[in-house]
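Visitor: Could you take me through the charged side-chain pairs in this protein, one pair at a time? I would like to know where the partners sit and how exposed they are.

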Amino acid sequence: MIAELGHLALWLALGVALLLGVLPWRWPEPGERLAAPLTGWLALFIGAGYVALSASFLRADFSVAYVAQHSHSALPWPYQLAAVWGGHEGSLLLWVTLLAGWMLALRHASRDWPVVLRARVLAVLGLLAAGFLLFLLCTSNPFERVLPALPEGRDLNPLLQDPGMVMHPPLLYMGYVGFAVAFALAIVALWAGEVDGPWARRARPWTLAAWAALSLGIALGSWWAYSELGWGGWWFWDPVENASFLPWLAGTALVHSLAVMEKRGAFKAWTVLLAILAFSLSLLGTFLVRSGVLSSVHAFATDPQRGLFILGFLLAVVGPSLALFGARAGRLGLGTRFHLVSRETALLANNFMLLAACGAVLLGTLYPLLLDALTGQKLSVGPPYFEAVFVPLMLPVLLLLGVGPVLRWREAEARPLLRALRWPLALAPLLALGHGWLEGTVGVMTALGLLMGWWVLATTAADLGARLLKSQALPRSVAAMLLAHAGVGVFVIGVTLVSSQQQELDTPLRAGEVASLGPVRLKLQDVRSVDGPNYRAAEARLLLSRPGQPDAVLRPQKRIYESSEMPMTESAIERDWRGDVYVSLAEPVDTPQGRAWIVHLAIKPYVAWIWGGVVLMALGGLLAATDRRYRNGGAA
């Protein structure tokens, strides 16, 4: 009866979500009083449904169709729990569960908010939860039975049987769903016609937390692609990768816009619009992944009925929201004035460039779909397009990233600005040239990327030094900003060097033979058979030798999963802060000298800086979100 109880819990959650979404608007007095307890009941029922589905996986209950499709009795238990979100139905339940968690956290943190505001924000989130629960229950029931029960499950997709996939979807969805809080605050503010500093202080910590979670989720997804897919790419501009990148770009603009509004009271209408756009792009990503219109290793194959439901829900949320914005934005006012040379102007230009980049990525993602739907023509838009349009748009953003923090609010003067930037202007080119010389780089784009990365790091260090000279105490918000900006610099250097300096080699090797790539020597010792819990594999032992470093043994595998007979490549990576040595095992081949194995060897310079930079950015976001200014209901 566990599945039936979970199904019942979701129907009860739907009823509670509808009550929560309607009462504060239709009957304000009881609605305001009941909003908090209804939020608790909603979280309880949705949580019960999620626990029931998890229990069905742990019990290997193959009478539940979803469990039979995505699990196996030999699947290790961590992956049994991860299999809950391994398919469409379970991942949607995870989405709704995380939304309920955000609502519960908001209920706790908003006790000092005005009663009407708190109730209406929870009501908007309740309506969103009701829409997703309707989708779940009407088209994607995860508790549907198959009788008689199947003797064995089909197993979790081998691509998903990786530690990165245990944390990647929850963190990604935490970011997606977290933008719903800023969206709900924006809708309520538009309805009341009041957007001010306290509103920005209420919205900012939730937006920062969502942005940090989305940053980590995207990074984990790219780390998984790098480690698991066998071809060693950390980012490929896949349409589903783009679907998560779009709300991140809009969310980054929103974070900076909220900072301006909180400090100066400017950008009122613009900030509200960004809050709507960030969550709308999260919903668009949901449509793209689950509608079946995309072909990707990340996408969930679904039927047209589900795609139409999501499209209808997307239009029902975004359309009225933008209509409300159009009707009420004029009442918000322009906010305080500022001069052309000021921090406000730099942040506004930064926002425009981020949204331009977002539009370019959106165009490259959707244009092939629209062309196919309208004309039947097939067009592939790949990395060359995105790199050609995205990189030039990011260069001004990186330039402003160094200039903006040292500009004064409202109006800045040229002389103090040049004085503050004199050391970064001198050091950044020297550091870039020195770093490029050490790595042996000569390309113009590589030099430009290094210059931008070191420019951000140099300006961040100069800003930190100037602030510490003025005061021994560094405010948490300032420390968070500097940490996040340093992360951007580290990230840019990592991306520049791994994209331009990586080396790759595919070569057949027999036992005892050696392959060389740059300073790396790789000797194949042997290939033997090993058995895993639900797979068998050919495992190679390769001796890695590099000048000045101890030898290491790498063990890449070629796996065959028993349930599907699906071959999988499991790479082996020797990690180092200056670069990884990446090895994967392809197919065996027959040569005149005997059987050999195709070995893929790659050197990935500074790839660890990519993950490290994102972690620094996310830590900066989380540090800013915990600022004590946000703990008393948004008061200053």
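Guide: Happy to, and let's start with an arginine: R264 is partly exposed, because its relative accessibility is 23%, between the cut-offs of 20% and 50%. Please keep in mind that this is a predicted model. R264 makes a salt bridge with E344, and their closest N and O atoms are 2.9 Å apart. R264 belongs to helix α9 (residues 239–264) and E344 to helix α12 (residues 343–375), so this pair ties together parts that lie 80 residues apart in sequence. The glutamate is a buried partner: E344 has 0% relative accessibility.

This pair is one of 15 salt bridges in the structure. As general background, side chains of opposite charge can pair when their charged atoms come close.

Next, look at the strands. D526 and R541 join their side chains in a salt bridge, at 2.6 Å from N to O. Here D526 is in strand β3 (residues 520–531) and R541 in strand β4 (residues 535–546), so the pair links distant parts of the chain, 15 residues apart. D526 counts as partly exposed, with a relative accessible area of 24%, and R541 is also partly exposed, at 23% relative accessibility.

Moving along to strand β6, you will find K558 in a salt bridge with E587, with 3.4 Å between the closest N and O atoms. Since K558 lies in strand β6 and E587 in strand β9 (residues 579–591), the pair ties together parts that are 29 residues apart in sequence. K558 is buried at 15% relative accessibility, because the cut-off for buried is under 20%. E587, at 43%, counts as partly exposed. Elsewhere, E4, R59, D61 and R145 are joined into one network by salt bridges that share partners.

While you have strand β6 in view, have a look at Q557, which is in this strand (residues 557–561). Q557 counts as buried, at 8% relative accessibility. Its side chain makes a polar contact of 2.7 Å with the side chain of R559. Setting aside neighbours within four places in sequence, Q557 is in contact with V530, Y535, A537, A538, E539, M568, T569, E570 and L585.

To draw the pairs together: R264 bonds with E344 across helices α9 and α12, D526 with R541 across strands β3 and β4, and K558 with E587 across strands β6 and β9.

How values were computed: Residues are numbered from 1 along each chain as its sequence is written. This is a predicted model: local features need pLDDT of at least 70, side-chain atom pairs count only at pLDDT 80 or more; totals for chains, interfaces and linings use all residues. Side-chain values use heavy atoms; hydrogens and water are left out. Helices (H or I, at least four residues) and strands (E, at least two) are DSSP runs, numbered from the N terminus. Buried means under 20% relative accessible area, exposed over 50%, partly exposed in between (1.4 Å probe, protein chains only). A polar contact is a pair of N or O atoms within 3.5 Å; within protein, one must be able to donate a hydrogen and the other to accept it, and residues adjacent in sequence count only if both atoms are side-chain atoms. Contact means heavy atoms within 4.5 Å. A salt bridge is a side-chain nitrogen of Lys or Arg within 4 Å of a carboxyl oxygen of Asp or Glu.
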